[in-house]
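Visitor: Could you walk me through the packing and the strand pairing of this model, one point at a time?

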Amino acid sequence: MHRMAIAPRTDWQQTAEAYGFRFHTISGEMYWDESAYYAFSLQEVERNIEDPTGEIHQMAMSLVGDVLRSEALLTKLAIPSSHWDWIADSWRRGQPHLYGRMDLAYDGTGPAKLYELNYDTPTSLYEAAFFQWIWLEQQIERGALPKGADQYNSIQDKVVLAFAELAKGLPRPFYFSAARGSVEDQGTVDYLRDCAQQAGLAAGSIAIEDIGLSTTGTFTDLNDIVIGTLFKLYPLEDLFADRYGSALPGSGLQLIEPPWKSVLSNKGILPLLWERYEGHPNLLPAYFEAENPAPLPEGWVRKPLFSREGANIRIRTTEGDILESDGPYVGASHIRQAYHPLTKFPGGYPLIGSWIVGDAPAGMGLREDAGLITRDTSRFVPHVILD
Amino acid sequence: MKRSTTASLVLMGLAPLLLTACDDPPAPTQQSFATVDNCVAAGVPRDTCQTAHDQAIANAEKDSPHFGTLEQCIAQFGAGMCQQSGGDHGSFWMPMLGGFMIARLFDSSNNTSYVPVGPIYRSASGGYYSPPSNGVYGGSYRSSASGWGSTASGDGSSGSGSRAITASRGGFGSAHAAAGGWGG
């Protein structure tokens, strides 16, 4: 694994805009950064990223049923009891999931280590699945990268395939939804809707704020049509807590990601994974803070159960320094994970986002941050496989 | 090869696509146009553009979101983007027609044809609303993008799409309305 400098395509911004990539620059800061790429060998990708991703996914899935049968565990994960039966029912019915992204610390040496699962509202999908792919094709075409260069990225193929599978069983009409104010989230759901269309699964789009609740307890679109299935790029725990949250169990609405994903998108899954698969080479020791306040004296990372975008993380390094990120997740329970810092490369600290589509490992995208905590201000840097 | 055989877009973006990593036939694409002239300029036959334009106008009321008050419409689509309906579908407020969508299709012999898809409605913030479309990839057309051979016929609402009386809106999305994005 190496970081290589490369000249950005002179027309990359026009290309981005032509393909609907409206968040390549966020708040004036570059987000898409093609002034460099990470080069991997095929063996690094297959043995150290792809295979562990499939294995971690299976381990995580193996826990879902047990958690849903245990009131103690559901309580520990701060999942509201008002929604337990409905969540468990979504699992028993086998309501399908679409995707997830796991964040892995890997620098080319030793086993990749799981930082966390983003299994409910993963983003950076469009840039990993689509724009990174376009970048590689154009750089090969223009002679900047060798013809044999490849990429660990069949994400779009698999997403389209997944929608084609899903299309058979989803209640219609099918809508994609995200918060209106977020350009990034809207871009991501636009992309997913595009993939669904390519699979022959036509869908509408509606802002999450525009969804209506009918007199009979169903959810409606702007034409008062009852929504059958809703893909929501919006956290399940926030849906539960919103004003309409109590109406979800009786509404008949099918969700993607499904309610049972609230078990896997919860940072509490990390100590549960460690408890069951202690010593697995791709897992870091992790504990619920309330149970084991100090089992990790050498250095640890403290995460709220529901944190996203690297918010409210506190790191105690092995040397005893404290790093902290701010954010909105206050008052929640926390877990602690063993300190295993990212390795510094010339451009910063790269974190690997490894994608699962359905149950298949599908590809990866790297984000670089100037610090050890990868936040929403990080830059997306493309990668290639060179053998 | 560890990467997708092709990556295409049919709804997003301005430019039709593009590249394939191998020699698969191109994927169907859709584009929206504000005027017949824009449509012709993109290489679509004029009569198809005109038909799509006329159909979008004819269906604009039927397919649009319906609002009871001007304020509700403005809340969703922005000031200056709404009008009152006066036609066969009752009296209500609706966003103004923003244009029409054309699908470019390829059959198994790679022949190109163009099909009107329906109206689109734009909001002041640059977003848009498009009703679930009606099986534009049905029949003999296939979505070659995935090699999947999908011949979906149903639209988003076929078989169900029952109506209900909406009692309220806005009960989702409020939890952290000020925060911006939810990606993880």
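**Core and sheet**

Visitor: Which residue of chain B is in contact with A:Phe219?

Guide: This is a predicted model, in which local features need pLDDT of at least 70, side-chain atom pairs count only at pLDDT 80 or more, and totals for chains, interfaces and linings use all residues. Side-chain values use heavy atoms, with hydrogens and water left out. Leaving aside neighbours within four places in sequence, A:Phe219 is in contact (heavy atoms within 4.5 Å) with residues including A:Ile211, A:Tyr244 and A:Leu248, and the partner from chain B is B:Phe172.

Visitor: Which helix gives the most to the largest nonpolar core?

Guide: A nonpolar core is a set of buried Ala, Val, Leu, Ile, Met, Phe, Trp, Tyr and Cys residues joined through side-chain atoms within 4.5 Å, where buried means under 20% relative accessible area (1.4 Å probe, protein chains only). The largest such core has 81 residues, and A:Phe219 and A:Leu248 are among those with the most contacts inside it. With 10 residues, the element that gives the most to this core is helix 2 (residues 42–68) of chain A.

Visitor: Which strands stand at the edges of the five-stranded sheet, each with a single partner?

Guide: The sheet is open, with antiparallel pairing in the order 6-5-18-19-20 (chain A); strands are DSSP runs (E, at least two residues) numbered from the N terminus, and two of them pair if DSSP finds at least two bridges between them. One side of each edge strand is left without a neighbour in the sheet, because each has a single partner strand: these are strand 6 (113–118) and strand 20 (379–381) of chain A.

Methods: Residues numbered from 1 in each chain as written. Chains lettered and ligands numbered in written order. Buried < 20%, exposed > 50% of the residue type's maximum accessible area, 1.4 Å probe, protein only. Helix = DSSP H or I, 4+ residues; strand = E, 2+ residues; numbered from the N terminus.
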